[in-house]
Amino acid sequence: GALFFTRSLERRIIEPYERLLKLELDPTKLEEFQEVKDLKDSICKQLTEYKDTRCLRWRQDVEESSEKKLKQCLLVRKPDGTLEVNFDPSLVQLLREVKYFSQLNIPVPETALEIYKNDAVYRNQINKMEVIVGMQNKIITTLNEVERPLIVDKISRMDKALQQGIVDLKWKNSNVDEFIKNSQVIVEDVFKIVNKMKDDFNHIK
């Protein structure tokens, strides 16, 4: 955001200046020209220094935190028993920034480039896990005291399958896709049973 604004501001300064130089009447011979040029150079220098400082800080932040955040577990269980996908929002922002910086030919740390290479993979994994988490959370939050004992074994199997993503599996692990595939089958099975059970109860009522 800040870098985009800075580059936009640079263009708003440089483009009129360049148009001025193309005038048929040579502006460099005007008495006021040097003052205009000095002002343009001064502002552009400050903007460049600001961009360089921001980029350096960004690269340092990436090197220090991105790898660490990819070593977080896939899922987090909240106190109420529901789950959420544990992909740090700053990594989502990083993926956007790497794409933007690359388009602007701004040097990007190797660490960030490696993460960006897997952008599509991460987004696909996140989307699939959001579906799994959504089903699990609906199961946990809608089962009542009468229904839960009827499928306690199914719930235990589901919890055991998802536990791997809560305590063991990290984003950098190679078997994340296998975990997602297995978990989806198990959670979806429980989800369908719960929905069928609720439909049956509603018909009885």
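Val187 sits in helix H7 (residues 176-204), where helices (H or I, at least four residues) are DSSP runs numbered from the N terminus. The model is a predicted one, in which local features need pLDDT of at least 70, side-chain atom pairs count only at pLDDT 80 or more, and totals for chains, interfaces and linings use all residues. Residues are numbered from 1 along each chain as its sequence is written, and side-chain values use heavy atoms, with hydrogens and water left out.

With a relative accessibility of 0%, Val187 counts as buried; buried means under 20% relative accessible area, exposed over 50%, and partly exposed in between (1.4 Å probe, protein chains only). Beyond its neighbours within four places in sequence, Val187 is in contact with Ile132, Met135, Gln136, Ile139, Met158 and Leu162, contact being heavy atoms within 4.5 Å. Gly134 is 53 residues away from Val187 in sequence, and their C-alpha atoms are 9.9 Å apart.

Several of these partners lead to helix H5. Ile132, Met135, Gln136 and Ile139 are among the buried residues of H5, a list that also includes Asp119, Tyr122, Gln125, Ile126 and Met129. At 1.5 Å a residue, the 24 residues of H5 should span 34 Å, and the end C-alpha atoms are indeed 34 Å apart; the expected span is 1.5 Å times one less than the number of residues. Gln125 belongs to H5 (residues 119-142) and, at 5% relative accessibility, counts as buried. Leaving out neighbours within four places in sequence, Gln125 touches Trp171, Val176, Asp177 and Ile180. Thr142 is likewise placed in helix H5, but with 31% relative accessibility Thr142 counts as partly exposed. Outside its neighbours within four places in sequence, Thr142 is in contact with Glu147 and Lys198. Thr142 and Glu114 are 28 residues apart in sequence, with 41 Å between their C-alpha atoms.

The other two partners of Val187 point to helix H6. Met158 and Leu162 are buried in H6, as are Ile155, Ala161, Gly165 and Ile166. An α-helix has 3.6 residues a turn, so residues three or four places apart point the same way. Helix H6 (residues 152-167) comprises 16 residues and reaches 22 Å from its first C-alpha to its last, close to the 22 Å expected at 1.5 Å a residue. At Ala161, H6 bends by about 30°, the bend being the angle between axes fitted to the seven residues ending there and the seven starting there.

A further pairing involves helix H3 (residues 89-103) and helix H4 (residues 110-117), whose axes come within 10 Å and cross at roughly 105°. This crossing makes H3 roughly perpendicular to H4, a term that covers angles of 65 to 115 degrees. Axes here are lines fitted to C-alpha atoms, for helices over the stretch in contact, and angles run from 0 to 180 degrees between N-to-C directions. On the H3 side, Leu94, Leu95, Val98 and Lys99 meet Ala112, Leu113, Ile115 and Tyr116 of H4. By class, this contact has seven nonpolar, no polar and one charged residues; Ala, Val, Leu, Ile, Met, Phe, Trp, Tyr, Cys and Pro count as nonpolar, Asp, Glu, Lys and Arg as charged, and the others, Gly among them, as polar.

Pro107 lies in the loop between H3 and H4 and, at 56% relative accessibility, counts as exposed. The C-alpha atoms of Pro107 and Val92 are 19 Å apart, with these positions 15 residues apart along the chain.

Note on methods
Helix = DSSP H or I, 4+ residues; strand = E, 2+ residues; numbered from the N terminus. Parallel < 35°, antiparallel > 145°, perpendicular 65-115°, else oblique.
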